[in-house]
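Here are some short exercises to work through with the structure open beside you. Try each task before you read its solution.

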Amino acid sequence: MTEEEKKEDDVRVGVFICHCGSNIGGLIDCKGLADYAGTLPGVTHSEDNLYTCSETGLTAIKTAIKENNLNRVVVASCTPRTHEPLFRECVSEAGLNPYLFNFVNIRDQCTWVHMKDAEGAYAKAADLVKMGVAKAEKLEPLDMIKLDINQVGLVIGGGVTGISAALNLSRQGFKTYLIEKEAQLGGRLNNLYKLFPHDIDASEIVNRLISNANNPKNLEVLTSTQIVNIHGFVGNYEVEITQNGNNKTLKVGTIIVAVGSSLLDPKGLFGYNGQNIITQYELEPKLKNNQIKAKDIVMIQCAGSRNDKRPYCSSVCCMTALKNALIIKEKNPDTHISILFRDLYTPGTEYEEYYRKAREKGIIFINYDVDRNPNVEENQVRVYNEYIGEDMLIPYDLLVLSTPLVANTDNKVLAQMLKVPTESNNFFLEAHVKLRPSDFATAGVFIGGSAKWPVDITESIAQGYSAASRASTILSHKTIEVDGATSNLPVYNKNLCSGCEICMKVCPFHAIVKNEDDEIEIIEALCKGCGVCGATCTNQAIVIKHFTDDQIMSEILAYGGK
Amino acid sequence: MSFEPKLLGFLCNWCSYAGADLAGVSRIQYPPNMRVIRVMCSGRIDPKFIVQALELGIDGVYVMGCHIGDCHYLEGNYEAVKKYEMTREFLKLVGLDNRIRLDWVSASEGVRFGEVVSKFVNDIKELGPSPLSGDSPDKDLINKVRAIRLAAGSNRMRALVGRERKITEEDNVYGEKYPLEKYKEIMSQAIIEEYERHRILIALEDESKSVKSLASELSVDPSIILEHILTLKGRAQVDFQEIIKNTPIYMRRE
């Protein structure tokens, strides 16, 4: 081996310590830390920057890579959760494989949380840098996985969210399927009278949506259709459906879950009888048909929600009650309406106005406590009023329960087919409540509307568009690159594999299969890189790329080594 | 100077690491004793990582993941529990089980992250330094912990822990569900057996020994040692070497 080639194999780590203005540099000696990093094995360059993520900082990294022939880069600064993509791109621009970059968190998990212990913070930062360098030394270049994209979208659920999403996708020019299990599109919107805000006719909205959906260029609407099974991965999903007994497979690139929610069965709640004790949903058609003759109306909010069984707020019921109460009051100003509530939720610029108007029109609001639920008696409701300190008796000839929207009972089945999670109330759970509100963790699957939690029509439409826009970021490409940090059974470990299949059973994404030769095969496109199979593999044959045993052990040894 | 524990935390990327970041963003203050290794999922945390850290004299190891039901990878944390429980069972054998802890911290629980870390620091402070820390830790204990690391990584233990959920929570091929308590019994027995077997392997590293001398060295009944030797012979890890004064001597096979 010539000196030149040997040099090529050597690990040459560059360490960049970020001051983050005074966020890090204000507490610990970044210059000293950079000097310390310079003494670590494998480190051939170290420096401190005022802001490593700034243009100046990034240029410093690129320059150092070129000048010092660096083949590993460690940045000690904020958190990989926000800045890893930036630095990966930076080293990549300088010709280094992006996986040869390692992040050390010395701000969010160090200087920000040990502000009164500069010495302790420095010692921790120094250890973390040492561990980061140790891992960096073991890093291996990885290739992104390139996948072909079938540029066709699928939307599950033909309610207001689903139609909005499907129209948006198809109008962008993507062939789109819209699947609805009922015979008719529109979902619950078909049953509603008027919509808040502005008391728009629900029929106007639903008719417009349906007529648009039925006259599209790229949209294929499939009603009375159920999903049988879903296979594949981002860009390449195969969805088996059944429509009136006919089975068919749709090949699509992305899937939007817009299955909405269900109504709570009100039986047993506050004496519900479907006659003069009904739900808001049952009130809507009566309003539409002008059937309300009652003189004394009581509405009970949070009927069946915000309790131990259903701890969440259904979010649409306050506004529904206010809207319906006002509609009645405007038609028959003599009607007495009382709304029994726990808290009223009227956010934004429009909704509070409903409450104000309701007060002006003489609608009575009575607060009740969760521990003293209103008691429904014959022709009257007994409710404890905190302010006067005793029970009030309110007569009614119509009692309306504001019951919550609940998750569909078949959400779990769909969730399992899609390999996406649901939360404790059985609603679908997005990838991140703030950072990725329309995505699932599973690539190529998106979410919008009341499938996630109850939302009103305005929000449903917005979320439908949002999900469509997220889906189009994939559909607009012929190919896509996905993370290369997956599970892997390297050729050199094949002899270790005993074929016990435990990895296949623990893989939540069914990314591990036995091929025709009866050998374990990992479908990298399906793998999400969790690493469970690697920690489970009985013969330790599986390697988790970018989080290998060797890399993690090197971090442990760097910290614990004496 | 008071004892400042040296702690290591394994945090999953999506919940607990994010929770730790949120603690920072919210400027929650907690003691700086714990260093963090980020993994994508708590289910990635191999028992050998935890034991290796203790073997090096680290005073405590924290394993953190998403709350049950919230796993970014659906079920990784269920696997993490099984692996952690097995590790803890093993560590009970040497009294180090109270130096490891498992917790769920969500991405929104920044305050809680600070609280649980502070509590861990305090609890380990009360417990005192690890017997394996310091410049000259007890050689025998190091070998015991090493035996645990190797035993936890053995094919048998990994197969048992890897199959546990499938066997106890779903039907097996015969349509039966195996009771969890019974499975735990099998696990406990396997843990003791594999621990002793790996202690034998370590004891044979430097020199070949007889059953009798292994029995007195490891304080295990000779008949049990003999059984282990036979098993290890079957696994091609130990071999008969020679007979000295009517006593068979066994050696380690590479």
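**Exercise 1.** Find how many aromatic pairs there are over all chains, then classify the pair Y178(B) and Y183(B).

*Solution.* Searching the whole of this predicted model gives 15 aromatic pairs over all chains. For Y178(B) and Y183(B), begin with the distance: the rings are 6.3 Å apart, centre to centre, and the cut-off for a pair is 6.5 Å. Next take the angle between the planes, which is 80°. Angles over 60 degrees count as edge-to-face, and that is the class of this pair.

**Exercise 2.** Decide whether Y178(B) is buried or partly exposed, and do likewise for Y183(B).

*Solution.* Buried means under 20% relative accessible area. Y183(B) has 4%, so this tyrosine is buried. Y178(B) has 27%, so this one is partly exposed.

**Exercise 3.** Work out how many residues of helix α1 of chain B are buried, and look at what follows the helix.

*Solution.* The helix spans residues 16–25. Eight of its 10 residues are buried, leaving α1(B) mostly covered. Among them are Y17(B), D21(B) and G24(B). After the helix comes R27(B), with a positive phi near 55°.

**Exercise 4.** Place E519(A) in its loop and name the surface patch that it belongs to.

*Solution.* First locate the loop: E519(A) sits between β28 (512–514) and β29 (520–522) of chain A. Then check accessibility: the value is 36%, so E519(A) counts as partly exposed. Finally, look at the charges: E519(A) gathers with E516(A), D517(A), D518(A) and E521(A) in a patch of negative charge on the surface.

Key: Residues are numbered from 1 along each chain as its sequence is written. Chains are lettered from A and ligands numbered from 1 in the order in which they are written. This is a predicted model: local features need pLDDT of at least 70, side-chain atom pairs count only at pLDDT 80 or more; totals for chains, interfaces and linings use all residues. Side-chain values use heavy atoms; hydrogens and water are left out. Patches are made of residues with over 30% relative accessible area and no salt bridge: like charges are joined within 9 Å, nonpolar side chains (Val, Leu, Ile, Met, Phe, Trp, Tyr) within 5 Å. Accessible areas come from the Shrake-Rupley method with a 1.4 Å probe; for residues, only the protein chains shown count as cover. A salt bridge is a side-chain nitrogen of Lys or Arg within 4 Å of a carboxyl oxygen of Asp or Glu. Lys and Arg count as positive and Asp and Glu as negative; His and the chain ends are not counted. The place of a charge is taken as NZ of Lys, CZ of Arg, CG of Asp or CD of Glu. Helices (H or I, at least four residues) and strands (E, at least two) are DSSP runs, numbered from the N terminus. Buried means under 20% relative accessible area, exposed over 50%, partly exposed in between (1.4 Å probe, protein chains only). Rings of Phe, Tyr and Trp (its six-membered ring) pair if their centres lie within 6.5 Å; planes under 30 degrees apart count as stacked, over 60 as edge-to-face and the rest as tilted.
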